[in-house]
Amino acid sequence: MEIKKINASLKNKSPEEIVAWAIQHAKKPVVTTNFRPYESAILHLTTKVLPTVEVIWCDTGYNTSATYYHAKELIEMLNLNIHIYVPQQSVGYRNVVLGIPEVDTPEHKRFSDQVKLEPFQRAMKIHSPDVWFTNLRKGQTAFRDGIDIVSQGKDGVLKVSPFYNFSDEELDEYLKKHQLPNEKKYYDPTKVLENRECGIHG
């Protein structure tokens, strides 16, 4: 089925119905997370439909203490089938030889490659998913405004974003309804600004 037709058929479906549809068509689904704000929603939703779904966390090593506590809480609360990937270089070593460079420089690209892209690519190679659940939403970045609930990468993997059309207020209601914690002190050194892409999605 064409991606355009898939999105048309899912347009009026609930997030749970979208996940159920994707699981039905998946052989090796995964969900990726960085435990940023509202990540508890996608983790709760996907594990509700498939409790054993593989959860990939590429930990840059630069998260705030609040984010690490939030991750620990969710891993235990939702009994996540978590797989953690970290950079090949330690934060201590990188702080000496590279630090956190200014954005839009060759050094920052190298930094992003080290702390996010290489661990992510390694994780995806190991897990080889055919369906990838994300919490991407319309309005986050220009790139994300151009995709839809379901998109397909060059590698053929279906990227499914069940909350794509949800606002922050709607996600707040979801978290409240299911008594889920949120995390507001998240910081991503590869993006710095909220409207910048991290390189994984676009």
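This is a short tour of a predicted model, going from the whole chain to single residues.

**Whole chain**

Start with the full chain in a cartoon view. It contains 8 helices and 6 strands. Followed along the sequence, these elements come in the order α-α-β-α-β-α-β-α-α-β-α-β-β-α. The radius of gyration is 17 Å, close to the 17 Å given by the globule rule for 202 residues, so the chain is as compact as a globular protein of that length. Along the principal axes, the C-alpha atoms fill a box of roughly 50 × 35 × 30 Å.

Next, switch on the surface. Its accessible area is about 10,700 Å², and carbon and sulfur atoms account for 52% of that. Of the 202 residues, 49% count as buried. Among contacts with a separation of 6 or more, 76% are between residues 24 or more positions apart.

Now colour by charge. The chain has 26 positive and 26 negative charges, and their mean positions are 3 Å apart.

**Salt bridges**

Side chains of opposite charge can pair when their charged atoms come close. How many salt bridges does the structure hold? There are 6, and three of the pairs are visited here, including Glu 16 with Lys 48.

Select Glu 16 and Lys 48. Their side chains form a salt bridge with an N to O distance of 3.3 Å. This pair links distant parts of the chain: Glu 16 belongs to helix H2 (residues 15-25) and Lys 48 to helix H3 (residues 39-49), 32 residues apart. Glu 16 is partly exposed at 35% relative accessible area, and Lys 48 is also partly exposed, at 43%.

Move to helix H4 (residues 65-77), where Lys 72 and Glu 76 lie 4 residues apart, about one turn of the helix. Their salt bridge is 2.9 Å, N to O. Glu 76 is exposed, with 53% relative accessibility.

Then select Lys 109 and Asp 113 in helix H6, again 4 residues apart, about one turn of the helix. Here the N to O distance of the salt bridge is 3.0 Å. Lys 109 is exposed at 54%, while Asp 113 is partly exposed at 27%.

**Two positive phi angles**

Select Asp 104, in the loop between helix H5 (91-97) and helix H6 (106-127). Its phi is near 60 degrees, a positive value in a residue other than glycine. Is Asp 104 buried or exposed? Asp 104 is exposed, with a relative accessible area of 69%.

Finish at Gln 179, in the segment after helix H8 (168-177). Gln 179 is not a glycine, yet has a positive phi of about 55 degrees. Its relative accessible area is 70%, which makes Gln 179 exposed.

Methods
Residues are numbered from 1 along each chain as its sequence is written. This is a predicted model: local features need pLDDT of at least 70, side-chain atom pairs count only at pLDDT 80 or more; totals for chains, interfaces and linings use all residues. Side-chain values use heavy atoms; hydrogens and water are left out. The radius of gyration is taken over C-alpha atoms; the globule rule is 2.2 Å times the number of residues to the power 0.38. Buried means under 20% relative accessible area, exposed over 50%, partly exposed in between (1.4 Å probe, protein chains only). Contact means heavy atoms within 4.5 Å. Accessible areas come from the Shrake-Rupley method with a 1.4 Å probe; for residues, only the protein chains shown count as cover. Lys and Arg count as positive and Asp and Glu as negative; His and the chain ends are not counted. The place of a charge is taken as NZ of Lys, CZ of Arg, CG of Asp or CD of Glu. A salt bridge is a side-chain nitrogen of Lys or Arg within 4 Å of a carboxyl oxygen of Asp or Glu.
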